Amino acid sequence: MGFFAACLILYVLGGSRVMGDIPVWQAVLPVVVLCTASAFRSTLPTAAVSVGTATVLVEMTSSGGLGPVLVYTDLLYAAALYGAPWLCRVLQFGTVAVTIATTITLIAISDRSEGVTTGVIVAMLLISPVWTGILIRNHKERADSERERAAQINRLAELDRKTILQTERTRMARELHDLVANHLSAIAIHSSAVLSLTEARRDRNGEAGSAGSGESAGSGEDDPVLRALAVIRENSVQGLAEMRRMVVLLRSDRGVDDDWDRPQLNALGALVEQARPAADAAALTLHTEFPETFPEVSSVIEVTAYRIVQEALTNVLKHASSGRVRIRCEAGTERLTISVDSPLALPDARTRQRPVAALTTGAGAGLTGMSERAALVGGIFDAGPDRTAPGRWRVRAVLPLTQNT
């Protein structure tokens, strides 16, 4: 529509009556044809420039209007920009040949200066749009090539990153299997052997005491040493099983967010029950307040909550004084609140009351690990003496039910 309106303005102003007065339809018809061809300049550039060339040739031999020539320059530009490579070469050499031929012909049949001036005008109308289109086309092709090259470099970098990550995971799995898993296996084997030997010795002593005095020495079920050995064996076997699952996960190509063999909130009750023997040996009473059913949460939130409770229980068994331990989980509409309240450790109370299995020295990374886990999912973590209850230690974590990725 813009080209058509410009051509009509030129016609009204007299720019289309170069070779005398012509009928209106004869001036408008070529413009309509060229404007129609211009509508297909990017989708069908070859057909559009062919129709435009034929129309301009007919127009130049009849009326010689300026408006159709201006529309034709746009068709030449579009053909050089969107056309096939062979069309660009044809236009490039064709326009140069037409310009040279026109200039030589006009110089031969008319004044030299007039021929040169006309040749320059023809060059501006034919060669300039074609070469401009070719320059922009080459620029776009170089830009596309650079973008494709950058995308390929990014793909190669991502492949290298994945390869390095998988190699590191394999190395970690090998180290865990060769070092940590072997140590856990040794602990489990030796604790089982010591427990078996102790029980066998007690059985023999019981039989000897029964034969000599008619009284049984008892089964030794209340012996703190036996309870400690049982706790050591149970925890070492469980740790070995989890370590083996971790090794399998590290050696596989699964992501860390996969739901494969992950801890679940519904297993918190079993986790607490598993810690009761050690708690009883430390004169600790575990009291839980869990909802009947936990809400559906993402796997990352579920693992984070489970590990925080697990680490808090471990710290309680290692450091708390004897007394009541309260473990609570409150699920709201938007967040999950976890709190573990325990008696604050008294001076030398731990060494007086802990069994052999609980006399361990931590590395001090438990609170840091729980805080980092909560921060990674956008939660809040706090641990320290409870201001509302003197003599109590509280671990509290508030986790969002949904994780924004």
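The following dialogue examines how several descriptions of this predicted model are justified.

Visitor: What makes H9 roughly antiparallel to H11?

Guide: Helix H9 (residues 299-319) and helix H11 (residues 366-376) pack at an angle of about 165°, with their axes 10 Å apart. Angles over 145 degrees count as roughly antiparallel, and H9 is therefore roughly antiparallel to H11. The crossing of these two helices is left-handed.

Visitor: Which residues make the contact of H9 with H11?

Guide: On H9 they are Val303, Thr304, Arg307, Ile308, Glu311, Ala312 and Asn315. H11 contributes Gly366, Leu367, Met370, Arg373 and Ala374.

Visitor: How do those residues of H9 and H11 divide into nonpolar, polar and charged?

Guide: Six are nonpolar, three polar and three charged. Gly counts as polar in this division, so Gly366 of H11 belongs with the polar residues.

Visitor: Why are H8 and H9 called roughly parallel?

Guide: Helix H8 (residues 268-281) packs against H9 at an angle of about 10°, and the two axes are 11 Å apart. Since angles under 35 degrees count as roughly parallel, H8 and H9 are therefore described in that way.

Visitor: What makes up the contact of H8 with H9, and how do its residues divide by character?

Guide: From H8 come Leu268, Leu271, Val272, Ala275, Ala278 and Ala279, and from H9 come Tyr306, Val309, Gln310, Leu313 and Leu317. Ten of these residues are nonpolar, one is polar and none is charged. The polar one is Gln310, because Ala, Val, Leu and Tyr count as nonpolar.

Visitor: Why is Pro291 called partly exposed?

Guide: Pro291 has a relative accessible area of 26%. Buried means under 20% and exposed over 50%, so Pro291 falls in between and is partly exposed. Pro291 is found in the loop between strand E1 (284-289) and H9. Its C-alpha lies 8.9 Å from that of Arg328, although the two residues are 37 apart in sequence.

Visitor: How do the spans that UniProt lists as "transmembrane region" appear in the model, for example residues 90-109 and 115-136?

Guide: The unreviewed UniProt entry lists residues 65-83, 90-109 and 115-136. Residues 90-109 are 100% helix and 0% strand, with end C-alpha atoms 28 Å apart. Residues 115-136 are likewise 100% helix and 0% strand, and their end C-alpha atoms are 31 Å apart.

Visitor: What is the secondary structure of the protein chain, and what share of it is buried?

Guide: The protein chain comprises eleven helices and five strands. Buried residues account for 32% of its 405 residues.

Notes: Residues are numbered from 1 along each chain as its sequence is written. This is a predicted model: local features need pLDDT of at least 70, side-chain atom pairs count only at pLDDT 80 or more; totals for chains, interfaces and linings use all residues. Side-chain values use heavy atoms; hydrogens and water are left out. Axes are lines fitted to C-alpha atoms, for helices over the stretch in contact, and angles run from 0 to 180 degrees between N-to-C directions. Helices (H or I, at least four residues) and strands (E, at least two) are DSSP runs, numbered from the N terminus. Angles under 35 degrees count as roughly parallel, over 145 as roughly antiparallel, 65 to 115 as roughly perpendicular and the rest as oblique. A crossing is left-handed if the near helix is turned anticlockwise from the far one by less than a right angle, and right-handed if clockwise. Contact means heavy atoms within 4.5 Å. UniProt positions are given in the numbering used here, feature names are shortened, and annotations may be inferred rather than shown by experiment. Buried means under 20% relative accessible area, exposed over 50%, partly exposed in between (1.4 Å probe, protein chains only).
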